[in-house]
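Colleague: I would be grateful for a close look at one part of this model, namely the protein surface that faces one of the nucleic acid strands.

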Amino acid sequence: MNKKAHLQKQLLAWFDAHRRVMPWRAAKGKTPDPYHVWLSEIMLQQTTVAAVGPYFLKFVKKWPTVEKLAAAGLDDVLAAWAGLGYYARARNLHKCAGAVVKEFGGKFPDTEEDLIKLPGIGPYTAAAISSIAFNRPAVAVDGNVERVVSRFFAIEEPLPQSKDNIRAQAARLAKDNPRSSDFTQGFMELGATVCTPKKPKCASCPWQKSCAAHRLGIAEDLPRKARKKQKPVRYGRVFWIENKSGEFLIEKRAGKGLYEGLYQLPTTDWTNDAKARRKNHDKRLRFKRLGADVRHSFTHFDLLLEIWTARAGAAFKPGKARFVSAGDLENYALPSLMRKVVKMCLHSKTA
DNA sequence: TAAACGTGGTT
DNA sequence: TAACCAAGTTT
């Protein structure tokens with residue numbers, strides 16, 4: 001047996017023995033449901049397995065098939081997604097479900113070429129679905145595989161410059177393998193559980209003897225990456241406006257991009273100048289500043305919001321906004337930042 | 001090519 | 001605590 005076939009055999013044997021149970025993963029020897037594979041792959045983009053678990057279960061219970069999901073309203077999909085982050089994924093998920101029903105009769109295509117044309121499916125996800133759900137020979141290169149390959153070949157060139165090389169090497173390792181689905185999952189699982197970013201468990205690795213970085217003693221130093229730039233801070237105010245029934249005001253967020261299509265408590269713009277936008281939501285209301293501010297960290301900036309509260313009398317006209325109770329929130333796509341504000345305001349009342 | 005795009009856990 | 005990280009995609 002040649003070297004590559006031997007490595008494949010080692011990884012597959014390791015995966016057979018150590019594969020984790022996940023809600024979207026078919027039992028050993030069973031055929032996976034492409035709808036489950038697709039849904040989980042979208043949710044898992046830049047998101048941990050632990051965070052995805054409950055969301056995946058909620059989605060398949062609410063929408064057991066791609067047809068049901070396509071027939072749902074976008075607001076309901078966003079509400080169910082709330083808290084998972086990267087909400088473009090949810091908007092594209094809904095769009096993609098519609099396309100699969102309309103263009104493919106509700107059956108997911110099985111080739112990378114067809115999959116990558118669908119909304120929210122890029123090079124990684126197209127390969128992952130083709131391989132995992134259909135056992136086709138596609139090579140899915142995610143962060144785990146990048147790390148494993150960087151170490152296995154001791155690639156010193158930093159990411160993302162080394163990406164093309166990593167892709168080519170990963171493809172070489174995966175070539176001519178009848179168990180594409182298991183190999184793809186095993187490749188990633190190895191990175192997730194053994195070849196970890198810090199303190200890799202090289203003693204437990206099926207590829208230890210062939211790993212160049214391990215031989216050189218530099219496994220933990222790879223892959224090399226440029227340092228992240230420091231994030232700017234943005235400032236603003238968020239408003240808790242409560243009526244006599246203890247309900248509070250929420251509104252649909254305007255504009256594109258961040259939190260597009262989601263709900264929020266009324267807020268000023270968020271700017272780089274702490275002194276700008278020192279303006280309250282409604283001149284007719286008397287606002288008091290809450291004792292604590294909200295801090296929230298995004299990928300590309302940190303946010304610091306003052307919380308200002310007011311009581312709305314019977315004459316107050318909410319306009320497009322609406323009063324809701326805390327118990328209603330599961331029906332609204334309120335992001336974690338805003339849920340944090342709600343929690344702080346409710347807590348301050350009982351304190 | 002680089003920036004936008006969330007969140008929660010770990011070190 | 002600040003930095004880093006997690007099954008990336010879109011513009």
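Which polar backbone atom is 2.9 Å from a phosphate oxygen of DNA strand C? Please describe the surroundings of that contact as well, together with the helices that contribute to the surface.

Modeller: The model is a predicted one, and the contact in question belongs to Gln46, a polar backbone atom of which is 2.9 Å from a phosphate oxygen of DNA strand C. A second phosphate contact comes from Arg147, where a polar side-chain atom lies 2.8 Å from a phosphate oxygen of DNA strand C. Arg25, by contrast, addresses a base: a polar side-chain atom of Arg25 lies 3.2 Å from a base nitrogen of DNA strand C. Four elements each give two or more residues to the surface near DNA strand C, namely helix H2 (34–44), helix H8 (123–134), helix H9 (143–152) and helix H11 (180–193).

The surface as a whole comprises 27 residues around DNA strand C, of which Gly120, Gly122, Asp142, Asn144 and Pro197 come nearest. By class, the residues of this surface are eleven nonpolar, nine polar and seven charged. On the nucleic acid side, sugar or phosphate supplies 72% of the atoms of DNA strand C within 4 Å of the protein, and bases supply the rest.

The four helices can be taken in two pairs. H2 and H8 pack with their axes 10 Å apart, at an angle of about 150°. Because angles over 145 degrees count as roughly antiparallel, H2 is roughly antiparallel to H8. The crossing of these two helices, H2 and H8, is right-handed. From H2, the residues Pro34, Val37, Trp38, Glu41 and Ile42 take part, and they meet Tyr124, Thr125, Ala128, Ile129, Ile132, Ala133 and Phe134 in H8. The contact of H2 with H8 is made up of ten nonpolar residues, one polar and one charged.

In the second pair, the axes of H9 and H11 come within 8 Å and cross at roughly 80°; H9 and H11 are therefore roughly perpendicular to each other. H9 brings Asn144, Val145, Arg147, Val148 and Val149 to the contact, while H11 brings Phe187, Met188, Leu190, Gly191 and Ala192. Seven of the residues in the contact of H9 with H11 are nonpolar, two are polar and one is charged. Two residues of this helix contact recur at the nucleic acid: Asn144 is among the residues that come nearest to DNA strand C, and Arg147 supplies the side-chain contact to a phosphate oxygen of DNA strand C.

The loop between H9 and helix H10 (163–174) deserves attention for its backbone geometry. Most residues other than glycine have a negative phi, and most peptide bonds are trans. Ala154, found in the loop between H9 and H10, has a positive phi near 50°. Pro160 also has its place in the loop between H9 and H10, and the peptide bond from Leu159 to Pro160 is cis, with omega near 5°. Elsewhere, a cis peptide bond joins Leu222 and Pro223, with omega about -5°; Pro223 is in the loop between helix H12 (212–216) and strand E1 (233–242).

Definitions and conventions. Residues are numbered from 1 along each chain as its sequence is written. Chains are lettered from A and ligands numbered from 1 in the order in which they are written. This is a predicted model: local features need pLDDT of at least 70, side-chain atom pairs count only at pLDDT 80 or more; totals for chains, interfaces and linings use all residues. Side-chain values use heavy atoms; hydrogens and water are left out. A residue is near a molecule or strand if one of its heavy atoms lies within 4 Å of it. A polar contact is a pair of N or O atoms within 3.5 Å; within protein, one must be able to donate a hydrogen and the other to accept it, and residues adjacent in sequence count only if both atoms are side-chain atoms. Ala, Val, Leu, Ile, Met, Phe, Trp, Tyr, Cys and Pro count as nonpolar, Asp, Glu, Lys and Arg as charged, and the others, Gly among them, as polar. Axes are lines fitted to C-alpha atoms, for helices over the stretch in contact, and angles run from 0 to 180 degrees between N-to-C directions. Angles under 35 degrees count as roughly parallel, over 145 as roughly antiparallel, 65 to 115 as roughly perpendicular and the rest as oblique. A crossing is left-handed if the near helix is turned anticlockwise from the far one by less than a right angle, and right-handed if clockwise. Contact means heavy atoms within 4.5 Å.
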